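Visitor: Pick one part of this protein, please, and walk me around it slowly. I'd like to know what sits there and what the surroundings look like.

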Amino acid sequence: KMSLRLADNLPPAAGNEIAIQQVFLNIMLNATQQMALRQDGHRLLEIATAYEADRCKHPIKVRFTDTGSGIHKQLWEKIFALGFSTRGGSGLGLYIARSLVDSLDGKILVEESFVPAGATFLVELPAAKQGGEL
């Protein structure tokens, strides 16, 4: 199941639309794979956006909250390393996501996580300048 809580006042993000889509897809794929491991069938991915105009550098916030297995705090940075996987995958998804977000002058991080209840990833992006210019 998916839930969307999208801000009405969200401006366009600066940067490459394809790169942003790839970041979001990688995060959603990881969440879906983690939730598929749940035996109780409680699977919810919530995507929420916010615009914090007072935060000049990264005013666009996109949060992905899942009901997967969660991520131990000791792994919060490690999961973005090239080749790191907790499931035996390629370990490329979050590495690519961070690389793309960095190239857009944004930030990606684990905002919170509760083992075994799920995790929240936060992507922070700069807004496009007026007229859509970078």
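Guide: Arg-87 sits in the loop between β3 and α2. Those labels come from DSSP runs numbered from the N terminus: helices are H or I with at least four residues, strands are E with at least two. What you're looking at is a predicted model, with residues numbered from 1 along each chain as its sequence is written. Local features need pLDDT of at least 70, side-chain atom pairs need pLDDT 80 or more, totals for chains, interfaces and linings use all residues, and side-chain values use heavy atoms, with hydrogens and water left out.

Is Arg-87 buried or exposed? It falls in the middle: Arg-87 counts as partly exposed because its relative accessibility is 37%. (Buried means under 20% relative accessible area, exposed over 50%, and partly exposed lies in between, with a 1.4 Å probe and protein chains only.) Skip the neighbours within four places in sequence, and Arg-87 is in contact with Asn-30, Gln-33 and Gln-34; contact means heavy atoms within 4.5 Å. Arg-63 is 24 residues away from Arg-87 in sequence, and their C-alpha atoms are 23 Å apart.

Stay in that loop for a moment. Leu-92 is found in it too, and at 35% relative accessible area Leu-92 is partly exposed. Together with Leu-82, Tyr-95 and Ile-96, Leu-92 makes a nonpolar surface patch, about 330 Å² of accessible area in total. (Patches take residues with over 30% relative accessible area and no salt bridge; nonpolar side chains, meaning Val, Leu, Ile, Met, Phe, Trp and Tyr, are joined within 5 Å, like charges within 9 Å. The areas come from the Shrake-Rupley method with a 1.4 Å probe, and for residues only the protein chains shown count as cover.)

Another loop residue, Phe-80, is buried, with a relative accessible area of 5%. How many aromatic pairs does the whole structure hold? A search finds 2. (Rings of Phe, Tyr and Trp, using its six-membered ring, pair if their centres lie within 6.5 Å; planes under 30 degrees apart are stacked, over 60 edge-to-face, and the rest tilted.) One is tilted: Phe-24 and Phe-64, 5.3 Å centre to centre with 55° between the planes. Phe-24 belongs to helix α1 and Phe-64 to strand β3, so this pair ties together parts 40 residues apart in sequence. Then comes Phe-80 with Phe-121, edge-to-face at 6.2 Å centre to centre and 75° between the planes. Since Phe-80 is in the loop between β3 and α2 and Phe-121 in strand β5, that pair ties together parts 41 residues apart in sequence. Phe-121 counts as buried, at 6% relative accessibility.

Phe-121 leads us inside. The largest nonpolar core has 26 residues, and Ile-27, Phe-64, Phe-121 and Val-123 touch the most other members. (A nonpolar core is a set of buried Ala, Val, Leu, Ile, Met, Phe, Trp, Tyr and Cys residues joined through side-chain atoms within 4.5 Å.) At least two core residues come from each of α1, β2, β3, α2, β4 and β5. Helix α1 gives the most, with 7. In soluble globular proteins, nonpolar side chains tend to be buried together. Beyond its close sequence neighbours (those within four places), Val-123 is in contact with ten residues' worth of company, including Val-23, Ile-27, Phe-64 and Val-101.Strand β5 (residues 118-125) also holds Thr-120, which counts as buried because its relative accessibility is 3%. Among the residues Thr-120 touches, leaving out those up to four places away in sequence, are Arg-63, Phe-64 and Glu-111.

Now back to Arg-63, which forms a salt bridge with Glu-111, their closest N and O atoms 2.7 Å apart. (A salt bridge is a side-chain nitrogen of Lys or Arg within 4 Å of a carboxyl oxygen of Asp or Glu.) This pair links distant parts of the chain, with Arg-63 in strand β3 and Glu-111 in strand β4, 48 residues apart. Arg-63 is partly exposed at 24% relative accessibility, and Glu-111 is partly exposed at 32%. Lys-61 forms a salt bridge with Glu-124, again with the closest N and O atoms 2.7 Å apart. That one joins strand β3 to strand β5, across 63 residues. Lys-61 and Glu-124 are both buried, and with Lys-107 they are linked in a network of salt bridges. The count of salt bridges comes to 7.
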